[in-house]
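Grab a coffee and work through these exercises with the model open beside you. Each one sets a task and then walks through a solution.

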Amino acid sequence: MKYLLALLICGLCICSYVSAVPTASAATAISSNGFNTTISGSSGNTWISWGDYPGKENWMSVVASGDGTIQVIGAPIYGGERIYFRPCDSTGCGAEQTVTIPTITPVPTTTFKKLLSNITDSRFAPDKISQSLLSGYTQVTPPTVLFGIAFVFIMFGIWYRTKSVRLIAVLGILISPFIMYGSNGLYLGIPSLGIGIAQGLLAAGVAGVLFSFIRK
């Protein structure tokens, strides 16, 4: 009888050893499209089975050798989703765990090309064109002196090369509003003290263009 009991105990120990499955730590390094988990108590190769629904881990991570940290990443993991995962090796899979993927923060919407969009969306309506071209000279934003100086040298270089007052005036009237318009466009602008100067330069530019057309 005692020999039979000893054999039974040995059999139970062997079965317990064979049926041992790996365990996984709670998810770490959680991002908007992945997470990490550390496997321990494994036998041979290890991997993570995971899925979108409990008990349905149809996806598989990369295969690692033995215990260690495994990264689960990529589609179809996405922000705001709950993932169910199990640590696995050749003997089977461990207990199921869950991790909630953080929501994705959208990139802030900018107002780049707002003036150009207004013109194109209106199918180049003359009133929208004139409104957009003149609006840059009436906005109040923090000064960007360095860019203004650079812009002046660029325009001066064009004038010096072409010797054309008409060309530099037209380019200035067309380009300047897209740069100076409030907090839009290039997010640059002119100070309140410079608005008067800008309006004066605009009038001078328009007058210069008209004068160049009528002058022989």
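A disulfide here is a pair of cysteine sulfur atoms within 2.5 Å. Keep in mind that this is a predicted model.

**Exercise 1. Find the disulfide and describe its two ends.**

Step 1: Searching the whole structure turns up one disulfide.

Step 2: The partners are Cys88 and Cys93, whose sulfur atoms sit 1.9 Å apart, and the cut-off is 2.5 Å, so the pair counts.

Step 3: Next, the handedness. The torsion about the S-S bond of Cys88 and Cys93 is about 105 degrees, so this disulfide is right-handed.

Step 4: Now check accessibility. Buried means under 20% relative accessible area, and exposed means over 50%. Cys88 has 0%, so Cys88 is buried. Cys93 comes out at 38%, so Cys93 is partly exposed.

**Exercise 2. Place Asn36 and work out its surroundings.**

Step 1: Asn36 belongs to strand β3, which covers residues 34–40.

Step 2: Is Asn36 buried or exposed? Its relative accessible area is 18%, so Asn36 counts as buried.

Step 3: List its contacts, skipping neighbours within four places in sequence. They are Ala26, Ala27, Thr28, Ala29, Thr69, Ile70 and Gln71. For Ala26, 10 residues away along the chain, the C-alpha to C-alpha separation from Asn36 is 8.5 Å.

Step 4: Look at how β3 pairs. Strand β2 (residues 28–31) runs antiparallel to β3, and two bridges join them. Ser31 stands opposite Gly34 of β3, and the hairpin from β2 to β3 goes through two residues.

**Exercise 3. Describe the largest nonpolar core.**

Step 1: Start with its members. This core has 13 residues, and those with the most contacts inside it are Phe35, Ile48, Trp50, Ile77, Ile83 and Phe85.

Step 2: Ask which elements supply it. Two or more residues each come from β3, β4 (45–51), β7 (68–73) and β8 (82–89).

Step 3: Zoom in on Ile48. Beyond its neighbours within four places in sequence, Ile48 is in contact with residues including Thr37, Ile39, Trp59, Ile70, Val72 and Phe85.

Step 4: For background, nonpolar side chains in soluble globular proteins tend to be buried together.

**Exercise 4. Sum up the whole chain.**

Step 1: Count the elements: the protein chain has six helices and 10 strands.

Step 2: Of its 216 residues, 31% count as buried.

Step 3: Take the contacts with a separation of 6 or more; 61% of them link residues 24 or more positions apart.

Step 4: Finish with the surface. The accessible area of the protein chain is about 14100 Å², and carbon and sulfur atoms account for 67% of that.

Key
Residues are numbered from 1 along each chain as its sequence is written. This is a predicted model: local features need pLDDT of at least 70, side-chain atom pairs count only at pLDDT 80 or more; totals for chains, interfaces and linings use all residues. Side-chain values use heavy atoms; hydrogens and water are left out. Buried means under 20% relative accessible area, exposed over 50%, partly exposed in between (1.4 Å probe, protein chains only). Helices (H or I, at least four residues) and strands (E, at least two) are DSSP runs, numbered from the N terminus. Contact means heavy atoms within 4.5 Å. Two strands pair if DSSP finds at least two bridges between them. A nonpolar core is a set of buried Ala, Val, Leu, Ile, Met, Phe, Trp, Tyr and Cys residues joined through side-chain atoms within 4.5 Å. Accessible areas come from the Shrake-Rupley method with a 1.4 Å probe; for residues, only the protein chains shown count as cover.
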